[in-house]
Amino acid sequence: MTAAQRGFESGPVGGRISAVYIEDGAADSAIARRVMDRLPGVPVHHLGAGAQPPTVSFSEGKRSLHLKKRRGGFLEHCPAGTTGLVCCNYLVVNFASNCPFDCSYCFLQDYLATNPQLTAFTNVEDGLAEIGRALARHPTRQFRIGTGELADSLALDPVTGLSRILVPFFAEHDNAVLELKTKSDCVDELLDLEPRGRTVVSWSVSPRCVVRGDEHGTASLGARLDAAARVARAGYRVGFHLDPLIEHQGWEDSYNGLIDEIFAAVRPESIAWFSVGSLRMTRALQRKVRARPATLPAPFALGAELVAADDGKMRVWRGLRVRMYNFVMQRLAQQAAEVPVYLCMEGSGVWQNTVGEAPSDREVALRVVAGAAR
Ligand code: SF4
């Protein structure tokens, strides 16, 4: 049985990487030097500029690491900002591509299907210069910028140490908040840094049964919440994304338990924001999820009945989405009414049915950024 058929291992991410490919000209970077230092004994292959590692399957692409310069821009608007949906004005910066974890519902299975190689970009200084120019052009705007769109923000941090570059950079800029979003417990690099209120570390969280069934290779819920408590003690605000909410037998009890566990781990004063979102997939992604190896547990994500929505994605039908949002948001408000909560990728009608108002994109963005500085 291959590793892909067995599923993804738990344990340190560095131990899962079986080879490193370094592009000519990237080896002298801080990122490459750290990777070499932290992965002794892992075979290293040198590639000419622009050359690619051997073509591999999506699963195999997660088990070797390509270090290369990024050509083109690093910063872009979050793709969730689709016309017709209330948007939180989020920017994403891509310092890596793909993820060593293997969530059943991960959109990268489709989005990166033709380019699955796990990659860390080494010219981080070019990305920071681009961010610096954007912040300088709009000095009165408050930016929220995340690294967790095409990658998990912290899964590779034990080997790249990227947070040691990013957190000090954002600490020096008063009009931006960095969000490091993860399903890992890789926070050791963060603990001796000074975020100065400019970095929020956030976790995507699901009930324990969903973590076991669908979020292969990630840290357990308990390990994520322990990590959140550690960074909160170190002076960071933390965030939680209850996204995707996945309907399953007994979901009310599962989400009740999840919310209780969050507040048992972290005090409301340390929480910058919550987001809540429903399961959503393109048809192509749904086909990929169905085609996953039968040796993996049957994913909860496949138990949900999805219907086509206006933006072309498949979603849980609206009545159930609103019911799940109301249930979760009422429970969050009972525990911490002062913490901002936003809906991810929903239109104004669902906002109205859930929170009784349909704020503008700008209002949502201002509330969420304010959560980091409360
Ligand atoms: S942690 Fe995020 S990026 Fe990684 S596999 Fe899971 S959903 Fe995808």
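**Notebook: charges, fold, cysteines and two buried polar residues**

I began with the charges and counted 42 positive and 41 negative side chains in the protein. The centres of the two sets lie 2 Å apart. I note here that the model is a predicted one.

Next I looked up the overall fold. I found 14 helices and 18 strands in the protein. The C-alpha trace spans about 55 × 50 × 40 Å along its principal axes. I then checked the radius of gyration, which is 20 Å. A compact globule of 374 residues would have a value near 21 Å, so the protein agrees with that expectation.

I turned to burial and surface. Of the 374 residues, 58% are buried. The accessible surface comes to about 15500 Å², and carbon and sulfur atoms account for 50% of that surface.

For contacts, I took pairs of residues at least 6 apart in sequence; 77% of these contacts join residues at least 24 apart.

Then the cysteines. I searched the whole structure for disulfides and found zero. A disulfide is a covalent bond between the sulfur atoms of two cysteines. I asked how far the sulfur of C186 is from the closest cysteine sulfur. The closest one is in C99, at 10 Å, and a disulfide needs the two sulfur atoms within 2.5 Å, so this pair is too far apart for a bond. I also looked up the burial of C186: its relative accessible area is 13%, so C186 counts as buried, the cut-off being under 20%. C103 is buried as well, with a relative accessible area of 8%.

I went on to R321. I located R321 in helix α12, which covers residues 318-336. Is R321 buried or exposed? Its relative accessibility is 9%, so I entered R321 as buried. I listed its contacts, leaving aside neighbours within four places in sequence: S278, R315, V316, E346 and V350.

The last entry is Q117. I placed Q117 in the loop between α4 (108-111) and β8 (119-121). With a relative accessibility of 6%, Q117 counts as buried. Which residues is Q117 in contact with, leaving aside its neighbours within four places in sequence? I found P53, V56, G61, S64, L65, H66, S97 and N98.

To close, I set the two residues side by side: R321 is buried in the model at 9%, and Q117 is buried at 6%. R321 belongs to a helix, whereas Q117 belongs to a loop.

Technical notes
Residues numbered from 1 in each chain as written. Predicted model: local features only at pLDDT ≥ 70, side-chain atom pairs only at ≥ 80, totals over all residues. Heavy atoms only, no water. Helix = DSSP H or I, 4+ residues; strand = E, 2+ residues; numbered from the N terminus. Rg over C-alpha atoms; globule rule 2.2 N^0.38 Å. Buried < 20%, exposed > 50% of the residue type's maximum accessible area, 1.4 Å probe, protein only. Contact = heavy atoms within 4.5 Å. Areas by Shrake-Rupley, 256 points an atom, 1.4 Å probe, with all protein chains shown as cover. Lys, Arg positive; Asp, Glu negative; His and termini not counted. Charge placed at Lys NZ, Arg CZ, Asp CG, Glu CD.
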